[in-house]
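Dear colleague,

I am handing over the structure that we talked about, and below it I have written out what was found in it. Please read the notes with the structure open beside you.

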Amino acid sequence: FDDEDLPVVPALPRSTSKPTHTLSVNPGFPQVNIPTISTRFKAPDFIHLLTSFIRRFYPLPQDPVLPNATDRFDLFKILSIRLPDLPAVGRTNGLDRIRCTPMVPATLGKPESGAHFDTVLVRTEDELDNEVTRGTALHGLRVAQVRAIFVLPKHLRAQLLPHRLAYIEWFKPFRAANLNPDSKLYSVSRSVRHQAPVAAIIPLEDIVSSCHLSPKYDTRHHAGSWTTDIALEVCKTFTLNKYIHLGTFYEHQSHLH
C-alpha cells in the first residue's frame with residue numbers, strides 16, 4: 001500500500017472497550033466522480049442511497065443540500081478499527097484493517113492488481129429483535145460487503161449528519177435454519193431485490209469489524225478457476241468463519257448460551 005494509506009491511529013487508553021475508526025490523512029482515491037464510483041467501485045445506487053441517507057436526518061419539509069451527478073467524493077482504501085483488548089488471548093491494541101480497492105488493470109512493468117472489497121459485520125437496529133442471535137456475539141449484527149469508504153464533501157455536510165460513510169451491500173440476516181448444528185457456524189447469502197444487491201449507505205462507526213466468509217461449494221462450481229478477488233462475486237452461499245482468528249473465536253465462544 002502507498003504511504004498515504006497508512007492509518008493514523010490516535011493514542012487511546014488501553015481500558016477503552018469501544019473500537020475507534022480511523023482513515024488515512026489523505027484519501028487513496030481523491031475527488032472521484034459518480035460514474036467511476038458506480039462502475040469501478042460497483043456502487044450504482046450511490047446518489048439515490050446517499051440522498052435517502054441525508055433525508056433520514058433531514059426529512060421534508062427541511063431543505064438540506066443533496067448530492068447530484070456533478071459531485072466528487074474522496075474515497076479511502078483502508079478503514080482501520082481499534083479492537084477492544086482481549087487479555088485472555090493476548091490481544092492488546094489490536095487493529096482491524098478493512099480494504100476497499102477496485103481492480104487496477106496491468107500496465108507496463110506492473111501486473112494487474114485484484115479488487116479487494118472486504119466483508120464486515122455491521123451494527124444495525126433492525127437486528128436487535130433477532131431472537132436467533134440474542135445473547136451471542138452476533139446480536140444486532142449483520143454481514144455486509146463494503147464497496148466504498150468515503151467522506152462527504154464540505155458542501156454536503158450538516159450539523160446532524162455523519163460525514164464519514166460507507167456504501168455496503170447486505171447479506172441476509174442470521175436465521176436458525178442456516179445454523180449448522182454441529183459446527184455452530186452460520187451460512188449466509190446475499191440479500192437481493194429484483195435480481196440486484198440490496199445496498200445501503202451507513203456511518204463508518206456502524207462497522208464493528210471485518211469478517212471472513214468461506215465459500216460453500218457444490219457440483220455446479222469449479223473453484224479451481226476462482227481467484228480470491230472474484231470468489232465473493234461468483235459463489236452464492238458462504239459460511240461465516242469464526243475460527244479465522246483466535247480473538248474472533250474467543251469472542252464467539254464467550255457469548256454462547
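A residue is called buried here when its relative accessible area is under 20%, exposed when that area is over 50%, and partly exposed in between. At 2% relative accessibility Arg147 therefore counts as buried, and this residue will come up several times below. Please keep in mind throughout that this is a predicted model.

To begin with the chain as a whole, it contains four helices and 16 strands, and of its 257 residues 43% count as buried. Among the contacts with a separation of 6 or more, 64% are made by residues 24 or more positions apart. The accessible surface of the chain comes to about 14,200 Å², and carbon and sulfur atoms account for 54% of this surface.

The interior is a good place to look next. The largest nonpolar core has 46 residues, and those with the most contacts inside this core are Leu50, Phe73, Phe150 and Ile207. Strand 8, which covers residues 141-151, gives the most to this core, with six residues. There is also a second, separate core of 15 residues, which includes Leu121, Leu138, Phe171 and Cys211.

Phe150 deserves a closer look. Leaving aside residues up to four places away in sequence, Phe150 touches a list of residues that includes Phe46, Leu50, Phe73, Tyr167 and Ile201, and the polar or charged side of that list includes Asp74, His163 and Arg164. Phe46, Phe73, Phe150 and Tyr167 also form one aromatic cluster.

Turning to charges, a search of the whole structure finds six salt bridges. Which residues are linked in a network of salt bridges? They are Arg147, Glu169, Arg190 and Glu233. Within this network, Glu169 forms a salt bridge with Arg147, and their closest N and O atoms are 3.4 Å apart. This pair links distant parts of the chain, with Glu169 in strand 9 (residues 164-170) and Arg147 in strand 8, 22 residues apart. Glu169 has 5% relative accessibility and so counts as buried, as Arg147 does at 2%.

The side chains of Arg147 and Glu233 also meet in a salt bridge, at 3.2 Å from N to O. Because Arg147 lies in strand 8 and Glu233 in helix 3 (residues 228-234), the pair ties together parts that are 86 residues apart in sequence. Glu233, at 32% relative accessibility, counts as partly exposed. Arg147 has a further neighbour to note, since the charged end of Arg147 sits over the ring of Phe117, 5.0 Å from its centre.

Another salt bridge joins Asp118 and Arg99, with the closest N and O atoms 3.2 Å apart. This pair, too, links distant parts of the chain, because Asp118 is in the loop between strand 6 (116-117) and strand 7 (119-123), while Arg99 is in strand 5 (residues 95-101), and the two are 19 residues apart. Is Asp118 buried or exposed? At 13% relative accessibility Asp118 counts as buried, whereas Arg99, at 29%, counts as partly exposed.Finally, the structure holds nine aromatic pairs. One of them is formed by Phe29 and Phe41, which meet edge-to-face at 5.3 Å centre to centre, with 85° between the planes. Phe29 lies in strand 2 (residues 29-33) and Phe41 in the loop between helix 1 (34-39) and helix 2 (46-57), so the pair ties together parts that are twelve residues apart in sequence. Both Phe29 and Phe41 are buried. Phe171 and Phe238 form another edge-to-face pair, at 6.0 Å centre to centre and with 75° between the planes. Phe171 lies in the loop between strand 9 and strand 10 (187-189) and Phe238 in strand 16 (residues 237-240), so this pair ties together parts that are 67 residues apart in sequence. Phe171 is buried, as is Phe238. Phe29 also has a charged residue beside its ring, for Lys77 lies over the face of Phe29, at 5.4 Å from the ring centre.

With best wishes

Terms used
Residues numbered from 1 in each chain as written. Predicted model: local features only at pLDDT ≥ 70, side-chain atom pairs only at ≥ 80, totals over all residues. Heavy atoms only, no water. Buried < 20%, exposed > 50% of the residue type's maximum accessible area, 1.4 Å probe, protein only. Contact = heavy atoms within 4.5 Å. Areas by Shrake-Rupley, 256 points an atom, 1.4 Å probe, with all protein chains shown as cover. Core = buried A, V, L, I, M, F, W, Y, C linked by side-chain atoms within 4.5 Å. Salt bridge = Lys/Arg side-chain N within 4 Å of Asp/Glu carboxyl O. Phe/Tyr/Trp six-rings, centres within 6.5 Å; stacked < 30°, edge-to-face > 60°. Lys NZ or Arg CZ within 6 Å of the ring centre and 35° of its normal.
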